Amino acid sequence: MMNKFLITVCLCILFIFIPFLSNPHNIDTVNAEKMIPSHAKWGKIAMQKASEKYPSAKIYDYLHVKGEQKENYSVETFKLWLDENNKKFEVIVTIHFDTKSEKVSKISLQRLNTHT
């Protein structure tokens, strides 16, 4: 009876630690590229353009609103929240680009309401 118990315990421990032995650094290996959203590149551009237009403001949050694909071009829309001298405001950034080449054709920024 005791031998069966010890064998069961040893097998359980073995099955628990096998994943660690085959992949000692991380149980779940994930491809990093799959974790990066497709709109990340455009989000960086949106934040860069907002920083250029409002250099003394700090971007404290942003949201990917939507991505649209038309015939030959795509549009990515972002909403950014900025703070400039304790005055908070929002900016909508819309980026138009060729879907295949990813060449940007137009970037527009629209400042929305100011909050205190």
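This is a short tour of the model, stop by stop, with a suggestion of what to select at each one.

**Start with the whole chain**

Keep in mind as you look around that this is a predicted model. Show the protein chain as a cartoon and colour it by secondary structure: you should find 3 helices and 4 strands. Following the chain along its sequence, the order is α-α-α-β-β-β-β.

Now switch on a surface. About 8,900 Å² of the protein chain is exposed, and carbon and sulfur atoms supply 57% of that area. Of the 116 residues in the chain, 23% are buried. If you like contact maps, here is a figure to go with yours: among contacts with a separation of 6 or more, 36% are between residues 24 or more positions apart.

**Select residues 40–53**

This is helix α3, with 14 residues. Draw a distance from its first C-alpha to its last and you get 20 Å, close to the 20 Å expected at 1.5 Å a residue. Next, show the side chains and ask which residues of α3 are buried. They are A40, W42, G43, I45, A46 and A50.

**Select residues 58–69 and 73–84**

Here you have strand β1 and strand β2, which run antiparallel and are joined by 10 bridges. The two form a hairpin, with 3 residues between them. For a handy landmark on this pair, pick K58 and look across to D83 in β2, which stands opposite.

**Zoom in on T77**

Stay in strand β2 and centre the view on T77. Is this residue buried or exposed? T77 counts as buried because its relative accessibility is 10%, below the 20% cut-off.

To see what surrounds T77, leave aside its neighbours within four places in sequence and display its other contacts. On one list you will find L63, H64, V65 and K66, together with I92, V93 and T94. While the side chains are on display, remember that in a regular strand they alternate between the two faces of the sheet.

**Finish at S108**

Move on to strand β4, residues 104–115, and select S108. With a relative accessible area of 27%, S108 is partly exposed. Which residues does S108 touch, not counting those up to four places away in sequence? The answer is I92, V93 and T94, and these three also appear among the contacts of T77.

For a last distance, pick the C-alpha atoms of S108 and V91: they are separated by 9.9 Å, and the two residues lie 17 residues apart along the chain.

Technical notes:
Residues numbered from 1 in each chain as written. Predicted model: local features only at pLDDT ≥ 70, side-chain atom pairs only at ≥ 80, totals over all residues. Heavy atoms only, no water. Buried < 20%, exposed > 50% of the residue type's maximum accessible area, 1.4 Å probe, protein only. Contact = heavy atoms within 4.5 Å. Areas by Shrake-Rupley, 256 points an atom, 1.4 Å probe, with all protein chains shown as cover. Pairing = 2+ DSSP bridges. Expected span 1.5 Å × (residues − 1).
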